[in-house]
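Biologist: I am new to this model, so please take one part of it and look at it closely, then follow it out to its surroundings. Please explain the terms as you use them.

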Amino acid sequence: MSGYSFELRRFETSGDERGRRRVAYWNGEVGRLGSVELLLPALEVVPVTDRSLHMGTMVTGDSVPVSSYVAYPYGGKPRIAQGTLNVAGQHAVVSRNVWRWSKVGRALRIRAVGREYVYRETVNKRHHVLERHEAQVLMARSSWKNPEMISGETRGSVDSVDVSLAILFEGVYTRNLSLRGAVVSTPGRFLDSLGAFW
């Protein structure tokens, strides 16, 4: 599929007095893949008994594989650390080096459905790219928190798996992929590490 651009617009359900949570979702047409949607929080990917501790985000669509990410919440999104990634019904592996100074060094390394990906910040905290050999999906948010619009641009031999993953990570707290975000989150990482000894 040749390169194309797309936009996902934000909508929100209302919570109610019975404790139903408000759910934000971004929806739009993505090339020939049809309608694609990012949900946050995606309650269906987190067991009911875990919802007080974990948060999920999920991508679904007409012609994209379902992808989801579940982790401890931070800033209204699942955070990168200690999360669980699933793509097309398969468990995937996410790793990163939090102590690197460069954006490339701090990038997420993702192994999913037999592929190797890198997801990193580009211009600033609102711009990211998901890359694999000969394929890139460039993503941008209209604002850092609760953007009204999430836009994307594909380059190279991008397919539905690439699109699903790139959109999914727009629903994950990725601020600490930047140097400033990494410095700010250092005390939290230190306290998390202490928690392992208690």
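Modeller: Strands β5 and β8 pair in the antiparallel sense, with 4 bridges between them, and S68 stands opposite N86 of β8. Two strands count as paired if DSSP finds at least two bridges between them, while the strands themselves (E, at least two residues) and the helices (H or I, at least four residues) are DSSP runs numbered from the N terminus. This is a predicted model, in which local features need pLDDT of at least 70 and side-chain atom pairs count only at pLDDT 80 or more, whereas totals for chains, interfaces and linings use all residues. Residues are numbered from 1 along each chain as its sequence is written, and side-chain values use heavy atoms, with hydrogens and water left out.

Let us stay with β5, which covers residues 67-71. Of its 5 residues, 5 are buried, so the strand is largely enclosed by the rest of the structure; buried means under 20% relative accessible area, exposed means over 50%, and partly exposed lies in between, using a 1.4 Å probe and protein chains only. Both faces of β5 are covered, with S67, Y69 and A71 buried on one side and S68 and V70 buried on the other.

Besides β8, strand β5 has β4 (residues 55-61) as an antiparallel partner, over 5 bridges, and a hairpin of 5 residues leads from β4 into β5. One of the bridges links V59 to S67 of β5. V59, which sits in β4, has 0% relative accessibility and therefore counts as buried. Its contacts (heavy atoms within 4.5 Å) reach V36, E37, L38, V64, P65, V66, S67, S164, I167 and L168, leaving aside residues up to four places away in sequence. The C-alpha atoms of V59 and V36 are separated by 7.1 Å, although the two residues are 23 apart along the chain.

These pairings belong to a wider arrangement. A closed barrel of 12 strands runs β1-β2-β3-β4-β5-β8-β9-β10-β11-β12-β13-β14, and its pairing is antiparallel. From one strand to the next the twist averages 20°, the angle being taken between N-to-C directions, from 0 to 180 degrees, of axes fitted as lines to C-alpha atoms, which for helices cover the stretch in contact. Going on from β8 (residues 84-87), 3 bridges join this strand to the antiparallel β9 (residues 90-95), and V87 stands opposite Q90. The hairpin of β8 and β9 has 2 residues between the strands, and in its turn A88 shows a positive phi of about 55°. Strand β9 pairs in turn with β10 (residues 108-112), again antiparallel and over 3 bridges, with S95 opposite R109.

The contacts of V59 with S164, I167 and L168 also lead to helix α1, residues 160-168. Here 9 of the 9 residues are buried, so the helix is largely enclosed by the rest of the structure. At the start of α1, a side-chain oxygen of D159 comes to within 3.1 Å of the backbone nitrogen of V161. Within the helix, I167 touches F6, L8, V36, L38, V59 and M139, again not counting residues up to four places away in sequence.

I167 also appears in the largest nonpolar core, which has 39 residues; those with the most contacts inside it are L85, I110, L165, I167 and F169. Such a core is a set of buried Ala, Val, Leu, Ile, Met, Phe, Trp, Tyr and Cys residues joined through side-chain atoms within 4.5 Å. Helix α1 gives the most to this core, with 6 residues.

Two loops offer a contrast with the buried β5. Q82, in the loop between β7 (77-78) and β8, has a positive phi near 55° without being a glycine, and at 59% relative accessibility it counts as exposed. E134, in the loop between β12 and β13 (135-141), has a positive phi of about 65° and is likewise not a glycine; E134 is exposed, with a relative accessible area of 57%.

Methods
A polar contact is a pair of N or O atoms within 3.5 Å; within protein, one must be able to donate a hydrogen and the other to accept it, and residues adjacent in sequence count only if both atoms are side-chain atoms.
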